[in-house]
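User: I should like to go through this structure and ask, for each description, what justifies the term used. Please set the values against the criteria.

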Amino acid sequence: MDIGDLTDAVLKDVRRPRTYPAVSLLVPTHRREPGNPEDKVRLRNALTEAKRRLGEDPKVSRDVRMDVEKQLDAAAAEVDFLHPAEGLLLLAAPGEHQLWYLPRPVPQRVVINGTFLTRNLVAARIGEEPYWALVLSDGETRLWSGGGPHGGHLEEVTGDGFPVTPAIPDQVDALPGANFANYGSRPSPYRTERERQYLRSVDGALGRVLERDPRPVYLVGLPVSLARFEEVSAHGGAVTARVERGGAASATAAELRGLLGPAFDDCHERRRVDIQRRLVDARGQRRYAAGLDEVWQTVQEGRMALLAVEEGYETAARVEDGHLVVAGPGAAGSPDGVHEDIVDELVEAALDKGSEVRFVPDGDLAEEGHIAGVLRF
């Protein structure tokens, strides 16, 4: 399944407890050659490690082990190595398996627990960041639906009133020049109002789309067109960025992605800075938590408003005297009360408590122990 299939209901089902063992395999893949041949080797190695650990786990009976190994093989058989993905997530438990294609790079990991590993699904879903791209021009306005890292994929919307064209072309509403030689070159007093009516119709169509599916809007067009649209629009609050570029009305999806690239980068950087600012403000207001154990405590209490986690942060830990203690090397997979990926469990618990979860680049929270948050109180 693709990340676009991850609805709230599906995520809730993936996150529910399973009969032990629930096996999660993360395998990095390549979108294109020359790295593709390595993908099959990585998957084969991950399957070998998972089966070895299942065979060594005293809590797994022979029948259960054979069932889960069968499920792992079934999930692996479904992999399409030509699928343009950055990673694979194979999930297997007694009687079931799932295969997910991830649009973000992932580390190679094998996790065996009582629940599936979902942190990468959550991160990918957050990273989808669906948006609308509204491409304005005098003759036609097109709407595009997009999402995914750096704009990911784009698909033109050919419904809900789009594309929008003027009810009356400009030339019909223009005054003739001398001897009609330059007919249509001199705007009549009515042309400005015709243009405003056209832009209002664009805004009306956009409003109906936003009412059904609110997303950030990227405006693309000539500066004068964008300014006139913003004068009449009732949906300025949804506009995330303006891309001043002419000729985009005829752009392909790939060309439009290229035009939007700098705007995406700017928005991501602003979001990153905003998270840092919120953490700094929270520290000054004594509504701040940092480090694994402190964050775990506040998440359990339901006090976490914003949880920020470095994308690559993972560790095993055990609970001792009501506190989290990072487990030593080699603890992963140990049956002695060790939570193999406590960060994944923290993310799930925060989501259950209604917290906002954000993933930041590795190193952004190095001084905070790779994980920090803003408290509600």
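Analyst: One caution applies throughout: this is a predicted model. A suitable place to begin is helix H8 (residues 292-300), which lies across E14 and E15 and runs at about 150° to E15.

User: What makes E14 and E15 a pair of strands?

Analyst: Pairing requires at least two bridges between the strands. Strand E14 (residues 317-320) is joined to E15 by 4 bridges, therefore the criterion of at least two is met. The two strands run antiparallel, and one of the bridges links Val-319 to Leu-324 in E15.

User: Why are E15 and E16 called edge strands?

Analyst: The open sheet has 3 strands in the order E15-E14-E16, with antiparallel pairing. Strand E15 (323-326) and strand E16 (338-339) each pair on one side only, and they are the edge strands.

User: Which strands form the sheet that contains E10, and which of them are its edges?

Analyst: That open sheet has 5 strands in the order E7-E6-E5-E10-E11, and its pairing is mixed. Its edge strands are strand E7 (153-157) and E11, each of which pairs on one side only. On average, neighbouring strands in this sheet are turned by 25° against each other, direction ignored. Helix H7 (residues 253-284) packs on the sheet and touches E5, strand E6 (142-147), E7, E10 and E11. The direction of H7 makes about 130° with that of E11.

User: How do you know that E10 and E11 pair?

Analyst: They share 5 bridges, in the parallel sense, where at least two are needed; therefore they count as paired. Tyr-218, for instance, has Ala-241 in E11 as its bridge partner.

User: Why are the buried residues of helix H6 said to lie on the same side?

Analyst: In helix H6 (residues 223-232), the buried residues are Ser-225, Leu-226, Phe-229 and Val-232. They cover an arc of only 135° around the axis, which places them on the same side of H6. As a general point, an α-helix has 3.6 residues a turn, so residues three or four places apart point the same way. The cover over the buried residues of H6 includes strand E5 (131-135), helix H5 (191-212), strand E10 (217-221) and strand E11 (239-244).

User: What makes E4 largely enclosed?

Analyst: A residue counts as buried under 20% relative accessible area. In E4, 5 of the 5 residues are buried, so the strand is largely enclosed by the rest of the structure. Both faces are covered: Arg-109, Val-111 and Asn-113 are buried on one side, and Val-110 and Ile-112 on the other. In general, side chains in a regular strand alternate between the two faces of the sheet. Across the chain as a whole, 46% of the 377 residues count as buried.

User: How many bridges join E1 to E4?

Analyst: Strand E1 (residues 22-28) is joined to E4 by 5 bridges, and the two run antiparallel. Leu-26 has Arg-109 in E4 as its bridge partner.

User: Which residues line the largest cavity, and how much space lies in it?

Analyst: A search of the whole structure finds 2 cavities of 30 Å³ or more. The largest holds about 50 Å³ of space. Its lining consists of Val-111, Asn-113, Thr-115, Phe-116, Leu-117, Asp-341, Asp-344 and Glu-345. The elements that give two or more residues to this lining are strand E4 (109-113) and helix H9 (342-352).

Definitions and conventions: Residues numbered from 1 in each chain as written. Predicted model: local features only at pLDDT ≥ 70, side-chain atom pairs only at ≥ 80, totals over all residues. Heavy atoms only, no water. Contact = heavy atoms within 4.5 Å. Axes fitted to C-alpha atoms, helices over the stretch in contact; angles between N-to-C directions. Buried < 20%, exposed > 50% of the residue type's maximum accessible area, 1.4 Å probe, protein only. Arc of directions from axis to C-beta. 1 Å grid on protein atoms, 1.4 Å probe; cavity = no way out; pocket = protein on both sides within 12 Å on 5 of 7 lines; lining within 4 Å. Points joined across faces, edges and corners; volume = space filled by probe spheres on them.
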